[in-house]
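Student: I would like to take a close look at one part of this protein, namely its nonpolar interior. Could you walk me through it slowly and connect it to the rest of the fold?

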Amino acid sequence: MFDVYLSGKRDLLVVRKGLPIPTRTSGRWRKSKKKVVKVSDEIRSAVERQGYYRRKLSDAKLGVS
């Protein structure tokens, strides 16, 4: 399972459940109330490699044709 945090700057942070927010990430984070059981392979490998996954939500290109 994973914990998901959101910032006021529209950033997304994913960490393994129960681990603290990494000190390398600055800003104020609020925990999402939704439980996340499954994530994409990209996010899973980033969490295993560096302990967290972070991206700007505005970078996601949703439905652009």
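Tutor: In this predicted model, the largest nonpolar core is made of ten residues, which are Phe 2, Val 4, Leu 12, Val 14, Val 36, Val 39, Ile 43, Ala 46, Val 47 and Tyr 53. The elements that contribute two or more residues to this core are β1 (2-7), β2 (11-16) and α1 (41-50), and of these α1 gives the most, with three residues.

A good place to look from is Val 4, which, once its neighbours within four places in sequence are set aside, is in contact with Leu 12, Leu 13, Val 14, Arg 30, Lys 31, Ser 32 and Val 36. Beside this core there is a second, separate one of five residues, and among them are Tyr 5, Val 15, Trp 29 and Tyr 52.

To place these residues in the fold, it helps to follow the elements from the N terminus, which run β-β-β-α-β, so that you can find one helix and four strands in the protein, counted as DSSP runs. The strand β1 is mostly covered, with five of its six residues buried, and it pairs with β2 in the antiparallel sense over five bridges. Within that pairing, Val 14 in β2 is the bridge partner of Val 4, and both of these residues belong to the ten-residue core. The hairpin of β1 and β2 has three residues between the strands, and there Arg 10 takes a positive phi near 65°.

The strand β1 is also joined to β3 (residues 29-31), again running antiparallel, through three bridges. Here the bridge partner of Tyr 5 is Lys 31 in β3, while Tyr 5 itself is listed in the second core.

Turning to the protein as a whole, buried residues make up 31% of its 65 residues, and about 5,200 Å² is exposed, of which carbon and sulfur atoms supply 51%. Among contacts with a separation of 6 or more, residues 24 or more positions apart account for 56%.

Finally, a word on confidence: the mean pLDDT of the protein is 84, and 88% of its residues reach 70 or more. Strand β4 (residues 52-56) has the lowest mean given for the elements, at 90, whereas α1 has the highest, at 93. Where pLDDT is low, the predicted coordinates should not be read in detail.

How values were computed. Residues numbered from 1 in each chain as written. Predicted model: local features only at pLDDT ≥ 70, side-chain atom pairs only at ≥ 80, totals over all residues. Heavy atoms only, no water. Buried < 20%, exposed > 50% of the residue type's maximum accessible area, 1.4 Å probe, protein only. Contact = heavy atoms within 4.5 Å. Areas by Shrake-Rupley, 256 points an atom, 1.4 Å probe, with all protein chains shown as cover. Core = buried A, V, L, I, M, F, W, Y, C linked by side-chain atoms within 4.5 Å. pLDDT = per-residue confidence, 0-100. Pairing = 2+ DSSP bridges.
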